[in-house]
Amino acid sequence: MTDLAARLTHAAARLEALFIDGSPAVLRAAEIGELFSVEEVFAWIQAVHPRERASTAAAKIRAVKRSWGLDVEEPVELPAPDPGRPAEIYKDGAMILEPAPFLPGPEHGSYAEWARSTHAALGGAFGMQAPGLEGASFEALARLQALFAPILGHTGPRTYRYNAFVGDYPRTPFGFHVDPHQELVFQVALTGRRRGLFWEGLVLNEDDAAWVEDANGRVAPQREPDWVVELEPGDVVFWPGTHVHGFESLDAGEPIMGLSLVIDRASPRSRAEVVRALEVETLGGAATLPVPDERAYVAPGMTLRRLGAFPIAHALWEDALIVGVCGRTLDWPDRESREPVLGLFAALNQLALGASVEVDALCSAHAHEALGPGEIVEVLTVLGNLGFLVEA
Ligand SMILES: [Fe+2]
């Protein structure tokens, strides 16, 4: 294992712990070591956001010529597969409509050189957001996956991405804001010292709308931040999508670079797709289903026999745990009992087709503070209704 691979494994476990804890927090550089370098992230920005991609003029000229029957030579394909969201450049709190001339090009030998020349070209402090950097190379993508794999094991499939923040702006160009579509952010501070300010969004009220999302910065925050942290290069700051946040530079005029690692809340699959996949998996295909057997019941002291040929299955979809049984699905209602009920399902899947099991044995093996014997009997009753189990 290389040193970087070992650092990524170590950092991934620390990020997972912060995610489980759920409150804004910081991991210091000394504790996790270097995960990304400024120049490599700058090269990723150059690869994913070339000037040609930001400008649509060339494509329009080609379209005009084609529509007049002229022979048009198409440019060679750009290396990145999917351009995704374009880079955005901000100056004085406003977004530049045509950012192409200010994007880094091959003539910029380093991040600092580009930041200096862009400051001069725009005539002052500026900020840029460069999303989608995981598309720069398999190495870039692999590092994001290494850091997120343990957390994605908790959330189920999600959209995840890098988003770089660069420039020499004194504070977040779009103001203190909240990103409700995001599950979480880890931001790696790569260069420049900054202060991060965080407010728990769930306790804010209508009055706070005056300063939250005030991109012009005309209204000062009406309440003290719940957490403030000073970031040095190499530190990683974590916040969940519930928190209002923003950053201020501690070295006015110095270029900063922050690399956000983001997991979105929305699943890349629709709920209907997940449900359909579970239906097919737990029926081994498709068939006409009998009406659920409402008379089936399970009581302590009974012996049950496995009737369903295909295993019980489950999937996480956004915040829901969806369980598939014999071609039908149900939502598991609460989080605390997820682990024990999945343990019960795993044990039942181990049972051979036609084999028997005692209800009392299942209750004593799987009872948990969040899933008592009475609730286990109810779960077994539902499995009886759906045809997975039957009285022996
Ligand atoms: Fe944000």
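## An exposed glutamate and its patch

In this predicted model, Glu378 counts as exposed because its relative accessibility is 54%, and a residue is called exposed when that value is over 50%. Glu378 sits in helix α11, which covers residues 373-385. Together with Asp334, Glu336 and Glu375, Glu378 forms a negative patch on the surface.

## The iron site

The iron ion is coordinated at 2.2 Å by His177 through NE2, by Asp179 through OD and by His245 through NE2. Along the chain, these donors follow the spacing H-x1-D-x65-H. Since His177 belongs to the loop between β5 (160-167) and β6 (182-191), while His245 belongs to strand β10 (residues 243-249), the pair ties together parts of the chain that are 68 residues apart in sequence. Both His177 and His245 are buried.

## Salt bridges between distant parts

Side chains of opposite charge can pair when their charged atoms come close. Over the whole structure, a search finds 20 salt bridges, and one of these pairings is between Arg143 and Glu40, with 2.7 Å from N to O. Arg143 lies in helix α7 (residues 138-155) and Glu40 in helix α3 (residues 38-48), so this salt bridge ties together parts that are 103 residues apart in sequence. The two partners are covered to unlike degrees: Arg143 counts as buried because its relative accessibility is 4%, whereas Glu40, at 24%, counts as partly exposed.

A further salt bridge brings together the side chains of Arg51 and Glu107, at 2.8 Å from N to O. This pair also links distant parts of the chain, with Arg51 in helix α4 (residues 51-54) and Glu107 in the loop between β3 (94-95) and α6 (111-122), 56 residues apart. Arg51 is partly exposed, having a relative accessibility of 27%, and Glu107 is partly exposed as well, with a relative accessible area of 45%.

## A network of charged residues

The side chains of Arg265 and Glu183 meet in a salt bridge of 3.4 Å, taken from N to O. Arg265 is found in the loop between β11 (256-264) and α8 (271-281), and Glu183 is found in strand β6, so that the pair links parts of the chain 82 residues apart. With a relative accessible area of 33%, Arg265 is partly exposed, but Glu183 counts as buried because its relative accessibility is 15%, and buried means under 20%. Arg265 and Glu183 also belong to one network, in which salt bridges that share partners join them with Arg158, Asp319 and Arg335.

Note on methods. Residues numbered from 1 in each chain as written. Predicted model: local features only at pLDDT ≥ 70, side-chain atom pairs only at ≥ 80, totals over all residues. Heavy atoms only, no water. Patch = residues over 30% accessible without salt bridge, like charges linked within 9 Å, V, L, I, M, F, W, Y side chains within 5 Å. Areas by Shrake-Rupley, 256 points an atom, 1.4 Å probe, with all protein chains shown as cover. Salt bridge = Lys/Arg side-chain N within 4 Å of Asp/Glu carboxyl O. Lys, Arg positive; Asp, Glu negative; His and termini not counted. Charge placed at Lys NZ, Arg CZ, Asp CG, Glu CD. Helix = DSSP H or I, 4+ residues; strand = E, 2+ residues; numbered from the N terminus. Buried < 20%, exposed > 50% of the residue type's maximum accessible area, 1.4 Å probe, protein only. Donors = N, O, S within 2.8 Å, 3.2 Å for Na, K, Ca; no water.
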